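Biologist: I'm new to this protein and would love a guided look at one part of it. Could you take me through it slowly?

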Amino acid sequence: ALIRVNHETSGMATFVSVRGPRASGRTERHHAVRCLCIQRAPDFVPPSSHWLSLPDRGVTAPLGFLASGAAAGLRSSSDRPDLALVFCPDGAVAAAGVFTQNLVCAAPVTYSKEVLGKPGNTVSAVLINAGQANAATGSLGWQDAIDSAAELSKCLGIPADEALLQSTGVIGQRIKVEEMFGAIPKVVEDLSDTDAAAKDCATAITTTDLVYKSTAIQVEIDGRVVTLGGMCKGSGMIHPNMATMLGVVTCDVDIDNKLWQKMLKEATDESFNQISVDGDTSTNDTVVALASGKAGNSKIADETSSEAKLLQRALTALCQGLCKMIAWDGEGANVLMEVIVEGADSREDARKIARSISSSSLAKSAIFGQDPNWGRIACAAGYAGPKFDVNSLDIALGETKLMEKGQPLPFDAEAASAYLKAQIDVRGVVQIHVKVGEGHGAGVAWGCDLSYDYVKINAEYTT
C-alpha cells in the first residue's frame, strides 16, 4: 500500500510504502494513521454487462446526496478527518439498516435501530465519528448519542429522529462531545455532491484502515440510469455476524421501504456477512442504506419484478466490492483469501463452509507462511456444521488440485507455495476451491492471511 505525504514547505508530495509482505505492522500502520491523505482501496466490484463500475466515486454519486468529512480532533494521534456526514436534503424515500448481533452493542447502534423502527419515519442524515466507539459506556454514552443527534438536527434544520448515528474507535470510550459539537457546523457547511467530498467522508470514518473504501456503480432500470454509491470502514474486529463493519450505501432509486430493507439484508448476507479477519464481532457493526428516489424510475414494489431482481444483483455486487476491500485491508494482512464452495445441499450450507474456512486461524496462518497445508482447509470444512459426504470432498489451491473425492493427491508443493508467494508479493487474491458433493448450493467467503503483524497491531492497541 502507498500513502501520500504532502510536504507543507514545498507543496510537493511523495508516496511512501507503509506495508510490505513482512513489514512491521504496528510501526508502519501507526505511520499511516498519522498521514492525512490515504489512497483508495482496489476495485473489487464483480464485473458484469448489467452495470458500469465507477471505482473513483462514492456516496455522492447517486442523485440527491451530499457528503463531507472534517477533522474534529476526535483521534488521539492524527489530524486525519474523523467526523463524516451523509445528507439527503429532501429526505430518503426508503431507509434500511442491518446491525451487530453482539449483545454489548454501542449506543449509536441502539439509537439508529430505534430511528429506523419508527413507522413512516423519514431519514435524512447519517453522522459518523471515528476515535471513540461509544460502546459499553452506559447511560452517559446513551445521552451522548441523543445529544449528538440533537446537535446535528439544529445545524441541518431537521428533526433529531431523521438522523442515524455510527461510531468507531476504542470500546469503552465516550465520544469527545465538545470536540464533536464544535465540528458539526463545519461538516454541515462543507456538504457537497462532489467526488472529493465523498472521498473526505470515506476517509473520515477510517481507523486502522490503510486505505479508504469507496465505490459506485450504475445500472439501467425502467429506462432510467440508477446509481448506487457506498463507503465502508473496517480492518480489524471483523467477523461475519450481520454487518461486521461500518458502511453507508446510497442510491437514487424509487423503491418501497420494506422491499429496500429486504434487499439490504440479502445483499449483506452475500457480502459483509461472508468476510472475516480475526473472528471478533464488533459492538458497533452497522450498514445503512438510503434511497433518494431521484432517478425517475417507476417505484419498485414487487420483489419478483425484473427491475427488483436487477437492483438486487447490483446492490449485492456493490456490497461485495466493499466487503472485499475490508478483507484485503485486514490488519496485518498481505493477501485476500477467496473461498469458493460448491456442491452443498443448500446455499446457506455452502456459505457456512466457506465462512468456516476463511475464518480458520490455522488456514489463514498457513497462507501467510506460504504453506499449502490443505489438511487445515479440510478440517475447517468438516467442523463448519453442514453435513456432507467426506468421500466427495475436492480441494484446490489456485490451479493446484490437492484432494479429489476424499483422497489426497500427489502435487507439486513448491509450485503451490510459489502460487501463494506470488499473490502475497502483489497483494493479490488467493483462491481456495472446495467441492463437497453434487448439490446445487454454492457460496463464497472472503478473508485474509493471519500474520505476525496482526498481533503487533492489536497487542498494544490503546498503549
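How many disulfides does a search of the whole structure find? After that, please take a close look at the open sheet that includes β10.

Modeller: Happy to! Keep in mind that this is a predicted model. A search of the whole structure turns up zero disulfides. Take C323: the nearest cysteine sulfur belongs to C319 and is 8.1 Å away, so C323 is in no disulfide, a bond that would need the two sulfurs within 2.5 Å. C323 has a relative accessible area of 0%, and because anything under 20% counts as buried, C323 is buried.

Now to your sheet. Six strands make it up, in the order β4-β10-β11-β12-β13-β7, and their pairing is mixed. The sheet is open, with β4 (51–53) and β7 (94–99) at its edges; each has a single partner strand, so one side of each has no neighbour in the sheet. From one strand to the next, the twist averages 15 degrees.

Start at the β4 edge. β4 and β10 run antiparallel and are joined by three bridges. To find one of these partners, look at W51, whose bridge partner in β10 is V219.

Stay on β10, which covers residues 213–221, and pick out T215. With a relative accessible area of 1%, T215 is buried. Beyond residues up to four places away in sequence, T215 touches a varied set, including D43, V45, L54, P55, R57, L228, L318 and M325.

At the other edge, a helix joins the picture: α6 lies across β7, β12 (246–251) and β13 (286–291), at about 35 degrees to β7. From α6 (257–269) you can step on to α8, since the buried residues of α8 pack against α6, among other elements such as β14 (336–344) and α9 (361–368). Those buried residues of α8 include D349, A350, R351, I353 and A354. The ends of α8 also check out: its 13 residues (347–359) should span 18 Å at 1.5 Å a residue, and the end C-alpha atoms are 18 Å apart, which agrees.

Finally, a word on the interior. In soluble globular proteins, nonpolar side chains tend to be buried together. Here the largest nonpolar core has 49 residues, and L85, L152, L156 and M231 have the most contacts inside it. Apart from that core lies another, of 47 residues, with V249, W260, F272 and A308 among them.

Definitions and conventions: Residues are numbered from 1 along each chain as its sequence is written. This is a predicted model: local features need pLDDT of at least 70, side-chain atom pairs count only at pLDDT 80 or more; totals for chains, interfaces and linings use all residues. Side-chain values use heavy atoms; hydrogens and water are left out. Helices (H or I, at least four residues) and strands (E, at least two) are DSSP runs, numbered from the N terminus. The expected span of a helix is 1.5 Å times one less than its number of residues. Buried means under 20% relative accessible area, exposed over 50%, partly exposed in between (1.4 Å probe, protein chains only). Contact means heavy atoms within 4.5 Å. A nonpolar core is a set of buried Ala, Val, Leu, Ile, Met, Phe, Trp, Tyr and Cys residues joined through side-chain atoms within 4.5 Å. Two strands pair if DSSP finds at least two bridges between them. Axes are lines fitted to C-alpha atoms, for helices over the stretch in contact, and angles run from 0 to 180 degrees between N-to-C directions.
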